[in-house]
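Me: Could you take a close look at one part of this structure for me, and explain it step by step? I am in my first year, so please go carefully.

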Amino acid sequence: MALNELRTHAFLQSDASDICENIQFLLGAFETATGEQWLAFRDDGRYSAADYANVTSARQLKEKSGGTPFWNPFDRAYKLELRRYFVLKLLNGAMSGLVHMHNHDRLHQSLGPSSVILNTALDKEGRYLVPRLRDLAFSVDIGYSSIGAGVLSDGLWRRASAAGASTPLEKRAFGIADDIYGAGLLLAYMSFIPFCKAGVMDGISLQRLLESTFRLDIYAAREYCLADDQLSEAVSFLDLGDGAGWELLQAMLNPDYRKRPIAEAVLNHRFITGAVLRNY
């Protein structure tokens, strides 16, 4: 896997004029005397999106339990706006990195909150946030000559065949849609966890709620969440822009892979661009 990650980064960094700032930068690699392979990356931050979400969720628990109450309702609204901006910029950066990978015939295949590294985890520093994708060990080459090949991608191509994708073009489309599904789960995670108190919702429970309980009927899931006051801020976040967040989430998690948007369409969606925020 280390070799696959090395090759992926080397390929994506092969053109110095086409380096994506939203993908972690590889400085080099070495092998120890015992045969272990190590990769060295530029220090672009110590926090992941998962770290940010968990810390923010824990902070909300402390605030709402009376530890640090909001005496000023305007202050509360301002901090909520900062958090919304931070999360949208995080998602925008992650999608920018994914667009770059797809445009260069590479899938990520392990996209999640732990695979997005951040240079800051403070809402007030959102303007300086630069999210970067990491964990490319499972990346897959989707150049037409490589479709169907590779030990690490064997499971992907089996799932593609099971979904009815038989030609190289269809399998490539399935692979891209599979990454989009992962990005959709990331969108769901970042839309709920940072906006809920710690212990109210976690990634596994959220995925189970969407996939098993509501079978990817996102609007039915919204009605369920709407009835729970502890999820109100998450619902309000996805409600921005007349429900733009729910609209995008439903598209990215569409059970039919053929109906999911490509990464560039997601990046240009009004929710991900931040157009739904009035003050930015």
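Reply: In this predicted model, let us begin with T34, which counts as exposed because its relative accessibility is 67%, and the cut-off for exposed is over 50%. T34 is placed in the loop between β1 (26–31) and β2 (37–41), and its side chain makes a polar contact of 3.0 Å with the side chain of T32. The two strands on either side of that loop form a hairpin with 5 residues between them, and in the turn G35 has a positive phi of about 95°. β1 and β2 pair in the antiparallel sense over 5 bridges, and one of the bridge partners to look for is L39 in β2, which is paired with A29. As a general point about such elements, the side chains of a regular strand alternate between the two faces of the sheet. To place the loop in the wider model, one can follow the chain for 230 residues from T34 to E264, where the C-alpha atoms of the two residues are separated by 43 Å.

From the hairpin we can turn to helix α1 (residues 2–12), whose buried residues are E5, T8, H9 and L12. These residues lie on the same side of α1, because they cover an arc of only 95° around the axis. The general background is that an α-helix has 3.6 residues a turn, so residues three or four places apart point the same way.

The aromatic rings offer another view, since a search of the whole structure finds 6 aromatic pairs. In one of them, the rings of Y52 and F86 have their centres 4.3 Å apart and their planes at 25°, so the pair is stacked. Y52 lies in helix α2 (residues 49–64) and F86 in helix α3 (residues 73–103), so the pair ties together parts that are 34 residues apart in sequence. Both Y52 and F86 are buried. For F214 and Y224, the ring centres are 5.5 Å apart and the planes stand at 55°, so that pair is tilted. Here F214 belongs to the loop between α6 (203–213) and α7 (218–226), while Y224 is in helix α7, 10 residues apart. F214 is buried, with a relative accessible area of 18%, whereas Y224, at 45%, is partly exposed. Ring pairs also link F195, F237 and F271 into a cluster.

Finally, charged side chains meet rings as well: R127 lies over the face of Y85, at 5.9 Å from the ring centre, and the charged end of R172 sits over the ring of Y144, 5.4 Å from its centre.

Terms used:
Residues numbered from 1 in each chain as written. Predicted model: local features only at pLDDT ≥ 70, side-chain atom pairs only at ≥ 80, totals over all residues. Heavy atoms only, no water. Buried < 20%, exposed > 50% of the residue type's maximum accessible area, 1.4 Å probe, protein only. Helix = DSSP H or I, 4+ residues; strand = E, 2+ residues; numbered from the N terminus. Arc of directions from axis to C-beta. Polar contact = N/O pair within 3.5 Å; in protein donor to acceptor, adjacent residues only side chain to side chain. Pairing = 2+ DSSP bridges. Phe/Tyr/Trp six-rings, centres within 6.5 Å; stacked < 30°, edge-to-face > 60°. Lys NZ or Arg CZ within 6 Å of the ring centre and 35° of its normal.
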